[in-house]
Amino acid sequence: MRTRLATALTVAVLSGLTVVSPAQATDEVVLDVLTVVDGDYVVETVTVPATTAEATTDRLEATPEVVAAGPSVTYQVDAGTDPYWDTTDPQATSAVRDAWPRTRGAGQIVAVLDSAVDTSHPDLAGAFVPGTQMITGPGATWHATGVAGTVAARAENGIGSAGMAPEAKIMPVRVCNDSGCPSAGIARGILWAADHGADVINMSLSGAGNSDVTAAAVRYALDKNISVIASAGNDGLTGNWVMYPAALSGVIGVSSTAPDGTPSDWAVHGWQVDMSTVGDRVLLPKPGNTYWEGTGTSFSAPAVAGAVALLRSAVPGITPEQVQAALQAGSASGVDWPRSYGAGRLDVPAALAAADHADGSVAVAPSAGQVSVSWPATPGATSYTVRIDGVVRSEVAGTTATVTGLTDGNQVAVDVQASNGDRSRPVLATVGAAAPGTPALGSASLRGTGTNAILDLQAWVPGVPALQYLVLRDGVSLGSVSSWGLTTTPRTVSLAIGAMPTLETRWQLRGVDALGRSSAASNTVITGTGRPAAPGAVTGLDAQLDDDRVLLTWDDQGSAYSYRVSAGGGVVAEPRTAGAVVASPAPGASLSYAVVAVDRWNQSGPAVTTTVNRTARPVMTVAPAVVGTLVVGSTVSTPDAFTGADSVTHAWRTCDAIGCAPLPGDVTHVITSAEAGKELQVVATARNAGGVTTAAGPRSAVVASNVPVTVPGPAVVRQVTAGARSATVRWSPPADNGGAALLGYTVTAFHSGVAVADASTSAGITSAEIPGLTNGTPYTFTVKASNSAGYGPASAESPAVVPASAPGAPLMGTPVPGDAAVRVAWSPPSTDGGRPITGYTIRTYLGLDLVATSSTTAMERVVSGLLNGTAYTFSVTATNVAGTGLAGTLTATPRTVPGAPGVRAATSRPGAAMVRWAPPAFDGGSTVTGYRVKVYRGATLVRTVDVAGNVTSALVTGLANGAAHVVRVAASNAAGLGPAVITTSTLLPKMIRRPRGLP
């Protein structure tokens with residue numbers, strides 16, 4: 001299957017890392033080869049000379065048992081490190097805690113395809129199921145440990161942070177080392193995770209090269225109803241397109257935002273991105289029981305993977321497409337959100353709400369740049385609202401709508417809401433030409449020799465033909481073939497399949513288009529009639545109890561078989577390999593597990609059973625508590641006791657207003673001076689084969705110091721930031737707490753040496769905002785700390801800062817329209833916010849569209865390049881050091897004088913001339929208000945006549961009979977008098993002829 005981009009392998013340089021194309025800097029090329037062996041996928045690599053790589057690839061792909069072959073690609077983990085940044089994480093910005101009362105991801109297994117994971121980190125205790133290793137060689141563990149923590153760091157354990165789905169399990173699959181992540185290892189890892197119970201696969205790795213082998217493995221996982229998530233990459237500042245495997249069809253591609261929700265410019269973005277969430281300054285567990293802050297799409301992708309685990313846990317049976325649709329329909333975006341960063345920002349509660357909506361039978365028909373939507377009518381509804389990715393895009397009275405202005409290739413979530421009902425469950429659709437139709441098969445037959453068989457299929461496509469087709473043998477793809485030119489008319493197509501099948505074989509087709517979309521599999525046609533004997537009984541069945549789960553293993557019967565595990569009267573697992581992780585019996589109970597081998601014809605062998613007896617958990621008889629003298633240097637202990645425990649361990653903590661931190665000790669603990677003024681707590685954990693019992697004792701009284709208590713030393717003011725009529729002060733605690741825990745701080749503001757305001761905080765808070773200050777007035781600040789002995793001395797006085805607000809709106813004057821321009825003038829705002837105005841910004845709008853922006857320090861600006869006769873809105877804002885203020889606005893229409901009229905006729909009369917004209921073709925952008933007719937005899941002006949703008953003729957009198965005259969006519973508007981048109985003939989006023997005989 002090809003990808004959405006359908007591009008060839010390319011060379012790209014990532015941030016400090018390189019993806020190497022096949023023949024770069026080497027005389028040999030490594031090829032990935034995906035084959036079908038006994039009905040199962042097998043990934044292998046071969047090394048060939050660079051000069052023959054292309055020919056070898058073609059020869060391999062021409063072999064019937066080879067599904068795909070191509071150059072090996074090395075991906076890199078998508079992370080940048082900056083461990084000293086402030087902590088802000090995607091869990092908080094996506095409101096995941098609001099979803100935890102409903103689900104924390106229990107029952108979901110998230111496979112982390114990455115480097116090695118530090119499974120001993122205390123914040124990941126109990127988070128793992130067995131994983132595997134697809135690559136050897138040295139490799140650091142910081143990256144995968146951070147990714148695993150983003151997904152499922154444990155919650156409410158008193159340490160670190162918490163992952164998106166703190167009750168989900170992590171399946172660590174190592175596919176990367178310090179040299180990178182080879183595509184063959186990634187493909188093997190995907191297949192292994194899919195066969196070992198993964199519900200979600202996360203790949204925080206990327207590269208510019210496409211691997212058909214990896215793409216086939218991804219399709220295998222999607223076909224098994226597994227959601228696949230990948231990071232888009234970190235090289236957005238160089239304009240790179242979306243990296244693989246995020247660019248593959250069906251994969252949820254994830255980019256990054258800053259903590260404030262704005263897109264991260266460094267993150268790769270493009271039409272294959274589906275979602276974004278915070279990838280900046282994410283708090284992560286680090287090997288060695290510590291923490292750090294990391295930046296990269298490596299850490300936004302697992303946040304989405306954790307959200308997917310929550311959705312799958314809360315809505316059983318939801319499909320990967322429905323998961324993606326719910327994420328996109330619930331995403332947070334706005335009118336200025338760039339679609340290249342996906343549908344929007346991750347919002348977990350909104351995604352859960354979208355997944356909960358009822359099926360609205362919404363049908364979506366995509367086409368180039370748009371989607372057509374239809375739905376059944378709702379009784380009593382007067383209108384319907386159509387949303388694309390959660391944003392309202394159409395409101396109609398009927399039951400159909402077409403939404404335009406979309407980008408081909410974008411996967412969009414579409415839902416419909418009746419005026420008297422709820423939103424429907426969103427439907428996922430890919431914008432662009434219609435998706436491939438489902439092929440149909442009429443018959444299948446085999447011919448040829450035992451080693452060179454030919455499959456003949458009678459096939460047609462009732463719908464849109466595909467770019468290529470996948471041939472499925474017993475549900476496993478044999479690879480892609482050309483379109484065969486299939487139409488609605490049945491025709492027979494042929495395919496070489498290698499060895500002649502000797503048993504009953506099922507055949508299907510599936511279409512794939514250029515955007516990577518695939519049709520449903522066709523109907524099944526069968527060749528052959530024989531079936532082998534049913535599988536025999538499995539051997540070597542073993543069960544190991546591990547708290548709330550049982551690890552079942554048995555001897556592998558071969559890749560031709562899958563397995564079915566039953567317990568308690570139902571099927572609990574159907575693994576493809578010889579092993580399964582299943583739920584254990586309840587504490588104190590027993591449960592029998594039966595395992596059968598299943599062949600590709602769904603024939604099962606005899607069951608083999610094993611029984612697991614689970615011991616009851618330990619029972620606490622004496623609760624843990626802190627016992628002893630609470631003074632520095634003394635030893636305290638805990639009296640707790642349990643029955644039925646194989647082992648009991650203790651964790652000591654020191655606690656204050658901020659929280660608790662771990663201490664050394666087991667049954668006893670020696671109090672140090674660092675614990676003076678704080679409370680102690682002990683947590684007891686008892687274990688046996690039945691599970692774990694944990695109990696936390698109450699906090700003790702405050703530990704007394706063994707030295708006299710004095711007031712604390714001075715705090716240190718680190719930063720003062722001026723605000724609007726306020727200032728924010730940040731400080732460091734005093735180096736000396738006086739021998740007792742700090743109780744709090746007081747911050748005091750001074751003007752000209754006089755205290756004018758103060759604020760107080762608790763001991764754990766080292767910043768405060770002082771409100772009620774006067775803009776434009778300088779202030780200094782001090783901080784002093786207190787303990788049980790009282791307040792210590794004040795800190796050194798801070799440098800002065802001046803609070804300020806943004807200026808008010810400028811006072812707009814009267815605009816002066818001109819030719820294709822408008823002179824805009826204004827006066828300073830009534831308030832400058834307390835600081836001098838540094839400049840003005842003029843924005844010109846045509847309707848809602850911004851057409852020009854300029855800046856000045858003057859009080860006026862001529863805005864040119866406009867269209868005469870078109871009304872424009874001009875917005876002027878003032879700026880000072882505090883920011884940009886409100887806008888003053890006015891509207892004006894540029895104009896110029898009208899063009900010359902067109903004279904239609906000039907008729908002579910005795911002593912006069914009748915002049916007629918047509919209005920000018922161009923009115924100058926302003927209504928014509930009048931016309932001026934001037935008559936000349938030679939160069940002498942003899943008559944001027946003015947008429948109204950709605951008059952197109954004038955009788956000019958007082959002319960000399962028989963004399964030649966020239967007439968000029970000009971139009972006028974608010975801008976003035978335009979050019980004149982001159983008559984093309986000379987007027988000869990008629991003479992009055994007198995009767996003969998008269999004087």
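**Exercise 1.** In this predicted model, find which ring Lys 784 lies over, and at what distance from the ring centre.

*Solution.* Start at Lys 784 and look for the ring face beneath it: that ring belongs to Tyr 791, with its centre 5.2 Å away. The cut-off for a charge over a ring is 6 Å for NZ of Lys, along with 35 degrees from the ring normal. Now try Arg 968: its charged end sits over the ring of Tyr 936, 5.5 Å from the centre.

**Exercise 2.** Work out the strand order of the open sheet that holds E54, and name its edge strands.

*Solution.* The sheet has 4 strands, running E51-E50-E53-E54, with antiparallel pairing. Strands E51 (754-762) and E54 (790-791) each pair on one side only, which puts them at the edges. Zoom in on E53 (residues 780-787): 2 bridges join it to E54, again antiparallel. One bridge to check by eye is Asn 787 with Gly 790 of E54.

**Exercise 3.** Classify the ring pair Trp 554 and Tyr 563.

*Solution.* You need two values, because a ring pair is described by the distance of the centres and the angle of the planes. Here the centres are 5.2 Å apart and the planes make 65°. Planes over 60 degrees apart count as edge-to-face, so that's what this pair is. Both Trp 554 and Tyr 563 are buried.

**Exercise 4.** Does helix H4 (residues 183-195) end up largely enclosed or open, and why?

*Solution.* Count the buried residues: 12 of 13, among them Ile 186 and Trp 192. H4 is therefore largely enclosed by the rest of the structure. Just past the helix comes Gly 197, with a positive phi near 95°.

Definitions and conventions
Residues numbered from 1 in each chain as written. Predicted model: local features only at pLDDT ≥ 70, side-chain atom pairs only at ≥ 80, totals over all residues. Heavy atoms only, no water. Buried < 20%, exposed > 50% of the residue type's maximum accessible area, 1.4 Å probe, protein only. Pairing = 2+ DSSP bridges. Phe/Tyr/Trp six-rings, centres within 6.5 Å; stacked < 30°, edge-to-face > 60°.
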